[in-house]
Amino acid sequence: MKRLLSAIVRRADIMIVVTLLITAVMSFFALKIKLDPDYYCIFPENNKRSAELLENTGITETLDMMMILSVSADDALSVKKLGLLYDVIKELEQHPLVAQCTTPFNFITFNNVNGRLSIEKMADSPPSNEEELAEFKKRLLNEPLAQDIIVSDDGTTLNVLITNTAIEEPAKYMEDFDKIISPLKGEFEIAYTGDIPFSDHTINYLKRDLLVLVLLAAVVILIVLYLSFRALRAVFLPFLTVAIGAIWAVGFSALIGYKLTVVSVVLPIIILAIGSSYTVHILSEYFRSYDGGDKVEGICLAVLHVIKTVMLAGLTTIIGFCSLLFTSIRPLREFGLTVSFGILSCVILTIFFLPAMLSKFSPPRKEQKEKINNDFITKIVVIIGRFVGKWYPILFILFFIIIILAIVLFPHIDRKVNYIAYFPSKDKLVKDTYEIISDSGGYQSINITLQAPDGAEG
């Protein structure tokens, strides 16, 4: 290993170029990574009920996505406003991704016609005069099946249930949707909710949170590195190393067809946080042990002195994340694999790329070593070490008690299954959703399959 390290450090240019070439390739794939806003993906794939549905129905995927458009006005049931709503619905139905709409006009009602049951729509067209309006209002407001589904009790709120085909670009569809319903603005108070707008908002939040979290992680890591080593190269080189590891992990994820989900969006931050500790081992040993001799020799000795620590730390972390490969939840398996690859990348980069980069900079000066040995972080670590060494029996007992408490209290952890609660409460979509639920009681899709006995056709 010493010969290999010495060869790499003395031919650092080759190692740096190879690393940058691999990074360029991984960056190409990383930029193509897609976001998956589907919160249903966190459901276990081997769920017993899902298996029964697949066996009984033969349905392998869900093609329909639901939306609810709710419009409110004191005079919602007027000739003018109903005509405007009808025109908007007709345009909406022409959209290629809209399968059907259930509206105040085509809602099915049951009538008694000369003693016979008649099944018919509320209206074939919007009322054009007051006489037709009165008949339409009478039928709509007296239809018990329509109450709190299509129309509110007081007639001031009307709902349109929209069934969409599977949509891969929710942002594009929502742009079209907002354009189509724009004539309603000013005439009605508009609210909408459903799978598609939540998918659109999820993607926006994933993008925003990913950027914010990466920036925060970078700032914290850079500050800690500077306070620890008081040298710019000791700040720049470790961060560059783990940043490359994060790029490799995201690129690997995209390369094998994975997407960033609500679970794996923290992938870059996890890599930055964990990988940076490996670089600190190398830097700390190099800054403390370098005695002013041959720089290459000093770098190699520093790496060899802590290489077992770095490799074992990386190996145990990889094993821990690989345990996620045995879960029944697909995003967790993908997350475990990609994080493991990222940690492995950081270990390799720390052992080979970081020393190669260190050889391009001047070695630590005597005053820098003195600052490191006497700064407040070192003093805090020394105090903690002495405390642990003196009171370790008590600490063992405390750790054991904490483990027992964790096992005992684990069943009492609350499980949050309402995905809407994960969004900011001030988000308009969340407000619209709760408003629609308040007015209409909410909606839940239920698929019912009827099969003819003995496998008879039809």
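A crossing of two helices is called right-handed if the near helix is turned clockwise from the far one by less than a right angle, and left-handed if the turn is anticlockwise. Keep that in mind as you move through this structure, which is a predicted model.

**First stop: helices α7 and α8**

Select residues 195-229, which form helix α7, together with residues 232-255, which form helix α8. Two packed helices are described by the angle between their axes and the distance between the axes. Here the axes come within 8 Å and cross at roughly 140°, and that angle makes α7 oblique to α8. If you turn the view until one helix lies in front of the other, the crossing to look for is right-handed.

Now show the side chains where the two helices touch: on the α7 side you will find Ala218, Ile221, Leu222, Leu225, Tyr226 and Phe229, and these meet Ala234, Val235, Pro238 and Phe239 of α8. Sorted by class, the residues of this contact are 10 nonpolar, with no polar and no charged ones.

**Second stop: helices α8 and α11**

Keep α8 selected and add helix α11, residues 330-358, whose axis lies 8 Å from that of α8 at an angle of about 145°. The crossing of α8 and α11 is right-handed. From α8 the contact includes Leu237, Trp248 and Phe252, while from α11 it includes Phe341, Cys346 and Leu349. By class, this contact of α8 with α11 has 16 nonpolar and seven polar residues, and no charged ones.

**Third stop: the cysteines**

Cys346, which you have just seen in the contact with α8, leads to the next selection, Cys322. Which cysteine holds the sulfur closest to that of Cys322? It is Cys346, but the two sulfurs are 15 Å apart, which is too far for a bond, because a disulfide is counted only when the sulfur atoms are within 2.5 Å. By this rule the count of disulfides comes to zero. Cys322 is partly exposed, with a relative accessible area of 23%, whereas Cys300 is buried, with a relative accessible area of 2%.

**Last stop: Glu285**

Finally, select Glu285, which lies in helix α9, residues 267-289. Is Glu285 buried or exposed? Its relative accessible area is 18%, so Glu285 counts as buried. Leaving aside the neighbours within four places in sequence, Glu285 is in contact with Tyr290, Ala302, His305 and Val306. To end the tour, draw a distance from the C-alpha of Glu285 to the C-alpha of Ser70: these residues are 215 residues apart in sequence and 65 Å apart in space.

Methods: Residues numbered from 1 in each chain as written. Predicted model: local features only at pLDDT ≥ 70, side-chain atom pairs only at ≥ 80, totals over all residues. Heavy atoms only, no water. Axes fitted to C-alpha atoms, helices over the stretch in contact; angles between N-to-C directions. Helix = DSSP H or I, 4+ residues; strand = E, 2+ residues; numbered from the N terminus. Parallel < 35°, antiparallel > 145°, perpendicular 65-115°, else oblique. Contact = heavy atoms within 4.5 Å. Nonpolar A, V, L, I, M, F, W, Y, C, P; charged D, E, K, R; others polar. Buried < 20%, exposed > 50% of the residue type's maximum accessible area, 1.4 Å probe, protein only.
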